[in-house]
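Hi everyone, thanks for coming. I'd like to walk you through one structure today, and I'll begin with a question once it is up on the screen.

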Amino acid sequence: RPIPNRILPPPPPSPSSPSPSPSPPSSSSSLTTIAERALASHRHDHDHDHDDDRSVGIAKTFLASAAYGDDDTDGASLFVDDRDRLVKFGRRIVDLLTWRDGDVVDDGMGTSDVVNGKVEAGLRLLLQEYRVLSDRGGQLKIPQTRFGKTNLSISVLTLGGMRLQQTWSPSLTDPRQISPQCQSNLRAILEYAVLTLGINHVETARMYGCSELQLGLALRELFDGVVSREDVIVQTKVSPRESNEEFREVLEESLRVLGLDYVDLFSFHGVNVEEDYDCIFGKGGGEE
């Protein structure tokens, strides 16, 4: 929606007029004001067919003006050749300002100062997140922690295999059907996650189309002299089945498609209704 004029910064004083006395900045005068200006500068870019372009423009305008952290790094130096990340960044800026100006402010969420403080904090967190994700020096390493009651040391972030695959269709079962470009991209993502970021947990599922097939191919290549099999925690998921026989059949199919002798972790997938619990915990169920 159009940006109300009240959020635009006032024009600078003319040379003939006396300079106003400086006043302490309000809680929303820094990043929030920069975000308002970025949004205002792209207010006429709103076109359904070019929404992503508008989001990228908002993100770049914001970053070019936003001083960052203790070293006042210019936001423009944080640009990366990652259009998808810039699109999401721009959208989240718009979401924060839209939330502030929407009905939620009038529904008892707090005074305007409190709301503006939350927007400012949200923008600061967003900028910090962007800087971390834009790290090009290979300095970022994902920390690890003990997984539950096990002795597994697992990264606090996971490489999820839900949207890396070529298709959701279960009909793709032959590696020769996989696009070389898609498989090369998946392997690059896997290597970046494991070798550069230190992510050691990779998960997929029987219901993720050809995700198991493609990840299995890439993992086996990785295990062939690049990293040790024991250094990567592989997890897959299978939905509950009515009988042990059917469940075992589907689980063994997952192992076959992955091309691995074992998985390190396993989960029941999509436990959403009472019948699923019965399939797992009932007599002769999946838990047995």
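Here is the question: which side chain meets that of arginine 187 in a salt bridge? Before you hunt for it, please keep in mind that this is a predicted model.

The partner is glutamate 221, and the N to O distance in that salt bridge is 2.5 Å. The pair links distant parts of the chain, with arginine 187 in helix H5, residues 180-196, and glutamate 221 in helix H6, 34 residues apart. How open are the two ends? Glutamate 221 has a relative accessible area of 39%, so this residue is partly exposed. Arginine 187 is partly exposed as well, because its relative accessible area is 24%.

Let's stay with H5 for a moment. Alanine 188 also sits in this helix, and its relative accessibility of 42% is why alanine 188 counts as partly exposed. Look across from there to alanine 218: the two alanines are 30 residues apart in sequence, and their C-alpha atoms are 9.1 Å apart in space.

Now let me zoom out. The protein chain has eight helices and eight strands. It is 288 residues long, and 38% of those residues count as buried. If you take contacts between residues at least 6 apart in sequence, 71% of them join residues at least 24 apart.

Back to H6, this time with its other neighbour in my story. H6 covers residues 211-222 and packs on helix H7, residues 244-258, with the axes 7 Å apart and an angle of about 45°. That angle is why H6 is called oblique to H7. Which residues meet there? On the H6 side you'll find Glu212, Leu213, Gly216 and Arg220, and on the H7 side Ser254, Val257 and Leu258. By type, this contact has three nonpolar, two polar and two charged residues.

From there we can step over to a sheet. Four strands form an open sheet in the order E5-E6-E7-E8, and the pairing is parallel. Strands E5 (159-160) and E8 (265-268) are at the edges with a single partner strand each, so each has one side without a neighbour in the sheet. What joins E8 to strand E7, residues 233-238? The two run parallel and share four bridges. If you want one to click on, lysine 237 has serine 267 in E8 as its bridge partner. And here H7 comes back: this helix packs on the sheet, touching E7 and E8, and its direction makes about 140° with that of E7.

Next, helix packing earlier in the chain. Helix H1, residues 31-41, packs with helix H3, residues 83-101, at about 105°, and their axes are 10 Å apart. At that angle H1 is roughly perpendicular to H3. Thr32, Ala35, Glu36 and Leu39 of H1 meet Ile93, Val94, Leu97 and Arg100 of H3. That contact is made up of five nonpolar residues, one polar and two charged.

H3 has another partner, helix H4, residues 112-133. Their axes cross at roughly 175° and come within 10 Å. H3 and H4 are therefore roughly antiparallel to each other. The contact has a long list of residues, including Phe89, Leu96, Trp99 and Arg100 of H3 and Val119, Leu123, Leu126 and Tyr130 of H4. The division there is 13 nonpolar, two polar and five charged.

You'll have noticed Arg100 in both of those contacts. That takes us back to charge. Side chains of opposite charge can pair when their charged atoms come close. How many salt bridges does the structure hold? There are 16. One of them joins the side chains of arginine 100 and aspartate 101, at 3.1 Å from N to O. Are these two residues buried or exposed? Arginine 100 and aspartate 101 are both buried.

For a contrasting setting, try aspartate 174 and arginine 176, whose side chains form a salt bridge at 2.7 Å, N to O. Aspartate 174 counts as partly exposed because its relative accessibility is 22%. Arginine 176, at 75% relative accessibility, counts as exposed.

That's my tour. Thanks for listening, and please do rotate the model yourselves.

Terms used. Residues are numbered from 1 along each chain as its sequence is written. This is a predicted model: local features need pLDDT of at least 70, side-chain atom pairs count only at pLDDT 80 or more; totals for chains, interfaces and linings use all residues. Side-chain values use heavy atoms; hydrogens and water are left out. Axes are lines fitted to C-alpha atoms, for helices over the stretch in contact, and angles run from 0 to 180 degrees between N-to-C directions. Angles under 35 degrees count as roughly parallel, over 145 as roughly antiparallel, 65 to 115 as roughly perpendicular and the rest as oblique. Contact means heavy atoms within 4.5 Å. Ala, Val, Leu, Ile, Met, Phe, Trp, Tyr, Cys and Pro count as nonpolar, Asp, Glu, Lys and Arg as charged, and the others, Gly among them, as polar. Two strands pair if DSSP finds at least two bridges between them. A salt bridge is a side-chain nitrogen of Lys or Arg within 4 Å of a carboxyl oxygen of Asp or Glu. Buried means under 20% relative accessible area, exposed over 50%, partly exposed in between (1.4 Å probe, protein chains only).
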